[in-house]
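Reader: Hi! Could you walk me through the aromatic contacts in this one?
Author: Happy to, let's have a look together.
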Amino acid sequence: MSEIPRLDSKEPRRHPHQRRIRKGLLPKAAEKLVNAKSRLIGCHDFDRLYQIVDDLIGTERGIGPVTIYDIAERIALNRGIESKNVYLHAGAREGAREVVSRSKGRYLRLSQFPKPLQRLSGFQAESMLCIYKKTLKNLRITGLAYAPRPNMGSACWSGSGGIC
């Protein structure tokens with residue numbers, strides 16, 4: 001199943017997120033996914049696809065939320081499915097803490113993020129939050145932070161950390 005890249009034991013290199021997963025576990029996970037190909041192909045919604053992948057391999061010791069997300073994302077992208085939500089795990093959750101007031105739960109809707117981030121897809125926002133989590137934290141610490149406007153339902157960026 002070409003929608004499940006880099007899980008085949010013949011692959012010379014692993015995805016960097018999968019470097020700590022014990023040898024033999026990824027081929028076992030791939031086999032479970034391939035055996036459920038009809039369920040995966042019949043899915044046209046990322047949230048449901050993520051849940052199916054989680055149900056299939058999430059109970060395997062050593063397979064965590066990042067691996068489940070990465071696999072579901074690659075299957076979705078291969079099939080032209082986009083996420084309307086930003087899934088929070090590891091680094092993405094850290095980045096989200098810097099730009100939204102609530103970062104609990106499995107995911108947040110794009111509409112919960114500042115307007116500039118709402119232009120991104122869920123996948124792009126998740127990647128941005130993960131990649132730039134330290135930069136976002138430094139922006140907040142130095143005062144160049146996202147500042148929600150009280151009682152106005154909108155927000156702005158302020159170099160002084162104040163309200164625009």
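Author: A starting point is Tyr50, which is buried, with 5% relative accessible area. Keep in mind that this is a predicted model.

Reader: Thanks! And how many aromatic pairs turn up in the whole structure?
Author: The search finds eight aromatic pairs. Tyr50 and Tyr87 make up one of them, with ring centres 4.7 Å apart and 35° between the planes.

Reader: Stacked, tilted or edge-to-face, that Tyr50 and Tyr87 pair?
Author: Tilted.

Reader: Where do Tyr50 and Tyr87 sit in the chain?
Author: Tyr50 is in helix 3 (residues 46-57) and Tyr87 in strand 1 (residues 85-87). They are 37 residues apart, so the pair links distant parts of the chain.

Reader: Nice. Is Tyr87 buried or exposed?
Author: Tyr87 is buried, at 2% relative accessibility. The ring of Tyr87 also pairs with that of Tyr107: the centres are 5.2 Å apart and the planes at 40°, so this pair is tilted.

Reader: Which parts does that second pair tie together?
Author: Tyr87 in strand 1 and Tyr107 in strand 2 (residues 107-109), which are 20 residues apart in sequence.

Reader: And why does Tyr107 count as partly exposed?
Author: Because its relative accessible area is 27%, and partly exposed covers values between 20% and 50%.

Reader: Last one: which residues form the aromatic cluster?
Author: Phe46, Tyr50, Tyr69, Tyr87, Tyr107 and Phe123 form one cluster.

Notes: Residues are numbered from 1 along each chain as its sequence is written. This is a predicted model: local features need pLDDT of at least 70, side-chain atom pairs count only at pLDDT 80 or more; totals for chains, interfaces and linings use all residues. Side-chain values use heavy atoms; hydrogens and water are left out. Rings of Phe, Tyr and Trp (its six-membered ring) pair if their centres lie within 6.5 Å; planes under 30 degrees apart count as stacked, over 60 as edge-to-face and the rest as tilted. Helices (H or I, at least four residues) and strands (E, at least two) are DSSP runs, numbered from the N terminus. Buried means under 20% relative accessible area, exposed over 50%, partly exposed in between (1.4 Å probe, protein chains only).
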